[in-house]
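Welcome, and take a moment to look over the sequence and the fold below. We will walk through them together, one part at a time.

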Amino acid sequence: MNKLLHILLLLFIAIFLHAQDKKNIAQFTKDDVLELTYDELLEMPFEDVIELAEIVGVSLEDLIEMLLNKDVVSASKKIETNFEAPLSTSVISYDEIVSSGARSIEEALRLVPGLIVREKTNGNFDIHIRGNDNLPAHHLFVYSENSISLVMIDGRPVYNYVHGGTFWETLPIGLADIDRIEVIRGPSSALYGPNAVSGVVNIITKRQTEEKLSVTGNVQAGAQKTVISDFSVGKKINKYLSFRATSNFETLNRNTDKLYVHRFNKKEWGYLTKQQLDTLRTFSPLENEWFNVFDPHDDINAMYPSPILARQRFGANGYLVYRPKKDVCFDLKGGYQYSQVLSTTMGDNPTSYAGRVSNTQYADFVAMVKGLKVQTNILSGWQDIVRCDTGFKVDILNLNTNLEYDINYGNLNLKPGFAFQLAGYNDLPYLRRADQGFLNGEKSLWTTAISLRADYLIREKIRLIGAIRGEGYNTHNKMYLSYQSVLSYKLNNVHHFRIVASKANRSPFLLDSYADFLWNRDGRPMPGYIQYNGQKNIDLLTMRTIEIGYRIKPVKNVQADIEFFVSKTKNFGALYPDSLNLNGFSNASGRPYVSMLFGNIGLESEQSGVTYNLSWIPDKNIVLRFFGTYQQTSLQNVISFSPDSAIVYMFSAAMSGSGYSTHFPDERDQNINNVSTPEFYGGIVAEFKLFNQKLTLASNLYAYSKHELQTKYGQQQIDEKFVLNLNGSYKLLNNKAKVSLNIRNLLGKKREFAYMDEIGRLFLLGLSITL
Amino acid sequence: MGIKQLLFLAAIVLCIPRVNAQDDKFKALFMYNFTKYLEWPTQMQQGNFVIGVYGSSPVIAELNIIAGKRGIGRQKLEIRKINELAELTGCHIVYVPEARTDKLSQINKVCKNHGIVLISDGPGLAKSYAGLNYIKVNGKLNFEINRQHIENEGIKVNTALFSLGIQVDQ
């Protein structure tokens, strides 16, 4: 009996000691591990050695490698290092964004090579990849929007299909949601579908990795009544299931409450207050009557309820990840956003400014089972694209489904895919009369696509990639093909070369395809009526690009990338007058009538340029990066007059003829330099960590050369600008809290976008808490 | 080359970070531990147990420390620095450091059917040639296993190893 008791006691002690031992390993600090002798380490079971390796953690060498050469998934739809990525890619991590003091995703893109980022009003940005800005020129502001880059959140497109482009403020996420932002420069429709013409911005959200409940809160507040905040909570419930929930709120004021009014009736009006705007009246000698620069029904107070407010937004998001096996994962996301901004108008307003209000919700589900990936998402809600201007408010219902399957034969990876998209918009619920809108009811774009990507690795050095995607649209009879072919050669871990040939196209848009809007210009100068018409089967904008890229990593802490690109873009489209009738649309109306039709205009653009990026990490506490792009864009078949000038021309022709004209002026200019894209844009990023990494000082300089925005209202030069930002942060309370001082645009006030605000200095104080 | 360029190059060279010896130490320890989960054919369980390292690597020094303290079963542990492909045969394990992974396909050709476990060091290499491959997960050392590549060499793998690393040939 005693023996049995002894055995039990010994067993208990052994189990207890083993448990203590296990507990001790889990509690080891890095210093404890470093003190262990080889003899002790060799005695340990392998699982403990692995655990100790984790405690020792990231070596300095790895830290530098991680900073220099981040993982990227967007270039090949699989994880690879940026050094080996077959396309021109850049990645910025959450830590880099936060260190830089960037207030938003848009501003963070000033840290990325190859991007032109201009601030229109406080916190509202115009963003282009490589260029092709403002085409066609001498037209509405809507043509200055970037409609040829695809922005996605975890592969879900966040794109405006009404007239193309991205309303950045409508992204439901804030900085707290982000793990990293990946940018591909160059046509990528073969990988991501239409509109990935000049490139892709893929925002990758964070995954919950910590088992304990993690809570973070960040707030920045300061000048111009700026408050930017976000909050997140997350927990890994068990080995398979994790969740995160986030929210974000921000409000930013402009540094003026004035609105720019274009030259009108031979007078430069310039910046006026809302009150001045409302009373602005002039006399039309042509029509011999008084008129307001706004439409009679326009309510200035509803259109501009608070002209001082630049941007206000709120978003909330939930993330649920279930990963029962290594190769099986289900990922569900959902969220809501409300936003209002004052930025450039998308309409034809007397001022360059307009409000935009959005209220949307989304759900996104991704299932990955072995090689099969299915992603399906829905976005619904409403958007008032030109606040309280008739016809611009729409209900939205967007659906996307993508299926892809990975097949591996040795070194060959094949990825066949199928995609379906519905972009549905309806303006009817917001119209006073059923024929007053652009769409006058529910209109949709349906897209179906099949794709195949082949990726073949030869002798670990040579990679051949071919991707092709065929797309059909319900607005077009013919199918559109996009492709990407890559030959990359990794000589060794120091040199990597690539050559890429690709073609991509833009999708049709709602207004281009379906617009049917009669603008009764009662009380405004002639013409009395303008009819806007869309049409189907117009040729879609297409870009072809050839790129040659080279990456070099001469030593562990330096990496340089250089890419040369030549692209040719054709099939630009725009609204131009196609007929004018002095007698009106019915002879009874008696006021001149103009029909505007969306169609191809023959404009072609040829861009060539070079983008460089040099990253240097002289020490684990210092990160330096230099990047920039030099480019030239030559345009052919340029219409160098505005649609209004064309109307005047047609008016004269009609006057001298039968009162009806379809004679559009046929003058076209050749070999015109696109002055709207700066010849140089780039920046410098520097980050220093001091006092045992408690103090971080970050500075980034973003610069672009002089350029010009040409609109139908006139043209304005944008002088070269150096945007210098400084951000200092200090960690407190055992790294659980952080205080910061953030100075944006230190070098002072200058306009970055034509007819918009002069963007000045901004001081912000910040506090972050992590529990 | 001007003075400025020379200074710049010198600054870069001076700033090369010190290689973290802990990484090499744990790679050597992992290698020693792998042998506990692998069983070589009977004819290879005689004589010295040879770990060959292709080219220069600080891992060699760490392995030599282990070899001075431990053997593999009843076999004496011997560490060989391999300079030529012809020297690969006769090894039980061949480790190809990250800097030499460009030679992996040639090394694999020579090692094939000689009862050698090829251990490489770089993302994705277990899928192509290696039986075991060091990777970094969030900057921390881990390893991939390709069971097929190991078993093709007539070496048995204890299934317990799969729960410790990442199996890539499932």
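How many residues lie between strand 6 of chain B and strand 7 of chain B in their hairpin? There are 2 residues between these strands, and B:N138 in the turn has a positive phi of about 50°. Please keep in mind as we go that this is a predicted model.

Let us stay with that hairpin for a while. Strand 6 of chain B covers residues 132-137 and strand 7 of chain B covers residues 140-145; the two pair in the antiparallel sense over 6 bridges. You can pick out individual partners across the pair: B:K136 has B:L141 as its bridge partner in strand 7 of chain B, and B:Y134 stands opposite B:F143. On to another pairing of strand 6 of chain B: it runs parallel to strand 5 of chain B, and 3 bridges join them. Here B:S120 stands opposite B:N133 of strand 6 of chain B. As general background, strands of a sheet pair through backbone hydrogen bonds, in either a parallel or an antiparallel way.

Now step back to see the sheet that these strands belong to. It is an open sheet of 7 strands in chain B, in the order 3-2-4-5-6-7-9, with mixed pairing. At its edges are strand 3 (77-82) and strand 9 (166-167) of chain B, each of which pairs on one side only. Helix 3 of chain B, residues 58-69, packs on this sheet and touches strand 2 (49-54), strand 3 and strand 4 (93-95) of chain B. The direction of helix 3 of chain B makes about 160° with that of strand 3 of chain B. Helix 4 of chain B, residues 104-111, also packs on the sheet, touching strand 2, strand 4 and strand 5 (117-121) of chain B. Its direction makes about 170° with that of strand 5 of chain B.

Next, look at the nonpolar interior. The largest nonpolar core has 123 residues, and the ones that touch the most other members are A:A108, A:L115, A:V162, A:I181, A:I203 and A:L510. Take A:I181: leaving aside its neighbours within four places in sequence, this residue is in contact with A:I92, A:I105, A:A108, A:V201 and A:I203. Another core, of 49 residues, lies apart from the largest one and includes A:V49, B:L29, B:C91 and B:V117.

A:V49 leads us to helix 4 of chain A (residues 46-56), where the buried residues are A:V49, A:I50, A:L52 and A:A53. Seen down the axis of this helix, they fall within an arc of 160°, so they line one face of it. After the helix comes A:G57, with a positive phi near 70°.

Finally, a few backbone details in chain A deserve a look. In general, most residues other than glycine have a negative phi, and most peptide bonds are trans. A:L135 and A:P136, however, are joined by a cis peptide bond, with omega about 0°; A:P136 is in the loop between strand 5 (124-129) and strand 6 (149-153) of chain A.

A:K225 is not a glycine, yet its phi is positive, about 50°. You will find A:K225 in the loop between strand 10 (214-222) and strand 11 (226-236) of chain A. A:C388 also has a positive phi, near 60°, and sits in the loop between strand 20 (372-384) and strand 21 (393-405) of chain A. Is each of these residues buried or partly exposed? A:K225 counts as partly exposed because it has 14 C-beta neighbours inside 10 Å, whereas A:C388, with 20 such neighbours, counts as buried.

Technical notes: Residues are numbered from 1 along each chain as its sequence is written. Chains are lettered from A and ligands numbered from 1 in the order in which they are written. This is a predicted model: local features need pLDDT of at least 70, side-chain atom pairs count only at pLDDT 80 or more; totals for chains, interfaces and linings use all residues. Two strands pair if DSSP finds at least two bridges between them. Helices (H or I, at least four residues) and strands (E, at least two) are DSSP runs, numbered from the N terminus. Two residues are in contact if their C-beta atoms, placed from the backbone, lie within 7 Å. Axes are lines fitted to C-alpha atoms, for helices over the stretch in contact, and angles run from 0 to 180 degrees between N-to-C directions. A nonpolar core is a set of buried Ala, Val, Leu, Ile, Met, Phe, Trp, Tyr and Cys residues joined through C-beta atoms within 7 Å. A residue is buried if 20 or more other C-beta atoms lie within 10 Å of its own, exposed if 12 or fewer, and partly exposed in between; C-beta atoms are placed from the backbone. The arc is that of the directions from the helix axis to the C-beta atoms.
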